[in-house]
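Here are a few exercises to work through with the coordinates open. Try each task before you read its solution.

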2 protein chains.
Amino acid sequence: MAESDIENLIGLLAKLPGLGPRSARRAALHLVKNRDRLMSPLARALAQTAETIRTCSDCGNLDSIDPCALCRDERRDRAVICVVEDVADLWAIERTASYRGLYHVLGGVLSALDGIGPDDLRVPHLATRADADAVREVILALPATVDGQTTAHYIGDRLAPLSITVSGIAHGVPVGGELDYLDDGTLQQALKARRPVAG
Amino acid sequence: MAESDIENLIGLLAKLPGLGPRSARRAALHLVKNRDRLMSPLARALAQTAETIRTCSDCGNLDSIDPCALCRDERRDRAVICVVEDVADLWAIERTASYRGLYHVLGGVLSALDGIGPDDLRVPHLATRADADAVREVILALPATVDGQTTAHYIGDRLAPLSITVSGIAHGVPVGGELDYLDDGTLQQALKARRPVAG
């Protein structure tokens with residue numbers, strides 16, 4: 001017995017990314033002190049989400065309905081599919097509120113080191129979706145890492161036989177970036193991808 | 001509808017100390033990906049703890065029983081009471097496994113700025129407990145801050161009429177501490193509280 005309930009809770013909280021044993025204890029105390037306002041609602045939200053959450057069989061997004069709300073949304077442009085590595089990336093793009101097409105979550109990127117091949121990701125399913133009549137463009141919004149760009153190249157090759165545009169998001173100087181502080185690779189990319197200045 | 005379940009979950013996670021909106025999203029994704037191993041157990045642990053946890057009416061510790069397991073433990077020395085600010089401090093002392101007496105959680109320290117007086121803390125209850133026949137010593141393990149030390153002085157004065165020892169934990173150079181990097185106050189305290197070297 002002893003304080004096993006709260007020790008058990010601390011042990012579970014410490015497994016969350018970003019929380020270690022010390023911050024898990026702090027979080028547990030905070031929860032206990034805000035029992036009605038935070039602890040019980042969080043318990044309910046977790047139980048509810050654990051029960052209802054599912055992966056959209058179309059795009060790979062997480063939602064409590066399948067197909068997900070994004071795939072069902074009639075106002076979204078069904079001609080464009082944006083390919084992302086993970087649901088977190090989908091959320092990041094949705095937060096910009098500047099994209100109104102559909103998504104395709106790969107669930108990872110190709111990695112020779114980790115032994116992840118195209119069939120471990122949702123690449124075949126992407127090829128099928130991109131082959132549909134309505135699709136006009138596939139945007140590859142994959143990380144600017146070696147594995148991410150390898151994956152982008154692979155998908156580009158794989159979709160080449162289809163008569164659709166395959167584009168990649170731009171690489172260059174981030175907004176607010178000082179040239180002086182940028183790494184050589186980014187600066188090189190930014191120079192190579194230079195564009196005519198409008199005006 | 002949309003992804004309201006998971007958005008609600010992220011909103012609640014972001015209220016935990018140490019988690020911001022971004023790390024709450026990461027935690028939520030991690031939970032969804034480890035539904036059976038982490039999400040459901042955490043939901044159960046939260047619901048269970050929210051239901052059972054209570055403040056020990058004797059010492060102020062958190063436990064699912066009242067009096068708490070520490071106060072009930074027959075092997076602990078009932079002659080010594082260690083006064084701490086918060087339950088987190090009690091846990092910290094318990095982790096050292098070097099103290100076998102009882103505790104008294106004040107629930108804060110005196111603070112003129114925040115308008116916290118002795119009656120807002122569990123000081124009167126401490127005076128009652130310390131007056132019991134069995135009690136021989138009260139150890140003040142309060143933070144080495146201005147408010148913490150004010151509280152220690154106040155409690156020392158208040159318990160002075162009782163024929164018991166009131167002691168404070170030592171202030172000085174922390175284990176592993178380099179003198180060169182210490183602040184003047186700590187070094188001053190360490191010099192003032194110097195002790196004869198045994199041997």
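A polar contact here is a pair of N or O atoms within 3.5 Å, where one must be able to donate a hydrogen and the other to accept it. Keep in mind that this is a predicted model.

**Exercise 1: the interface**

Task: work out how chain B and chain A meet, going from overall area down to single contacts.

Solution.
- Step 1. Start with area: chain B and chain A bury about 4700 Å² between them, and 70% of that sits on carbon and sulfur atoms.
- Step 2. Count who takes part. Chain B puts in 51 residues and chain A puts in 51 residues.
- Step 3. Apply the polar contact rule. That gives 10 residue pairs between chain B and chain A, with both partners at pLDDT 80 or more.
- Step 4. Ask where chain B's side comes from. Helix 1 (4–13), helix 2 (21–33), helix 3 (35–52), strand 2 (62–63) and helix 5 of chain B each give two or more residues to the side that touches chain A. Helix 3 of chain B supplies the largest share, 16 residues.
- Step 5. Sort that side of chain B by class: 30 nonpolar, nine polar and 12 charged residues.
- Step 6. Look for salt bridges, with a cut-off of 4 Å between nitrogen and carboxyl oxygen. The rule finds two across the interface. One of them can be checked by hand: Lys33(B) pairs with Asp86(A), with the closest N and O atoms 3.2 Å apart.

**Exercise 2: the largest pocket**

Task: find out which residues and elements line the largest pocket.

Solution.
- Step 1. Get the volume: the largest pocket holds about 430 Å³ of space.
- Step 2. List the lining. There are 17 residues, and the closest to the centre are Arg22(A), Ala88(B), Asp89(B), Ala92(B) and Arg95(B).
- Step 3. Map them to elements. Helix 2 (21–33) of chain A and helix 5 (87–96) of chain B are the ones giving two or more residues to the lining.
- Step 4. Classify the lining: six nonpolar, four polar and seven charged residues.

**Exercise 3: backbone oddities**

Task: scan the backbone torsions and say where cis peptide bonds and a positive phi turn up.

Solution.
- Step 1. Recall the baseline: most residues other than glycine have a negative phi, and most peptide bonds are trans.
- Step 2. Check omega in chain A. Asp66(A) and Pro67(A) are joined by a cis bond, with omega about 0 degrees. Pro67(A) lies in the loop between strand 2 (62–63) and helix 4 (69–72) of chain A.
- Step 3. Do chain B. A cis bond joins Asp66(B) and Pro67(B), with omega about 0 degrees, and Pro67(B) is in the loop between strand 2 and helix 4 (69–72) of chain B.
- Step 4. Now phi. Ala97(A) has a positive value, near 55 degrees, and belongs to the loop between helix 5 (87–96) and strand 4 (101–105) of chain A.

Conventions:
Residues numbered from 1 in each chain as written. Chains lettered and ligands numbered in written order. Predicted model: local features only at pLDDT ≥ 70, side-chain atom pairs only at ≥ 80, totals over all residues. Heavy atoms only, no water. 1 Å grid on protein atoms, 1.4 Å probe; cavity = no way out; pocket = protein on both sides within 12 Å on 5 of 7 lines; lining within 4 Å. Points joined across faces, edges and corners; volume = space filled by probe spheres on them. Helix = DSSP H or I, 4+ residues; strand = E, 2+ residues; numbered from the N terminus. Nonpolar A, V, L, I, M, F, W, Y, C, P; charged D, E, K, R; others polar. Contact = heavy atoms within 4.5 Å. Buried area = accessible area lost by both parts, 1.4 Å probe. Salt bridge = Lys/Arg side-chain N within 4 Å of Asp/Glu carboxyl O. Polar contact = N/O pair within 3.5 Å; in protein donor to acceptor, adjacent residues only side chain to side chain.
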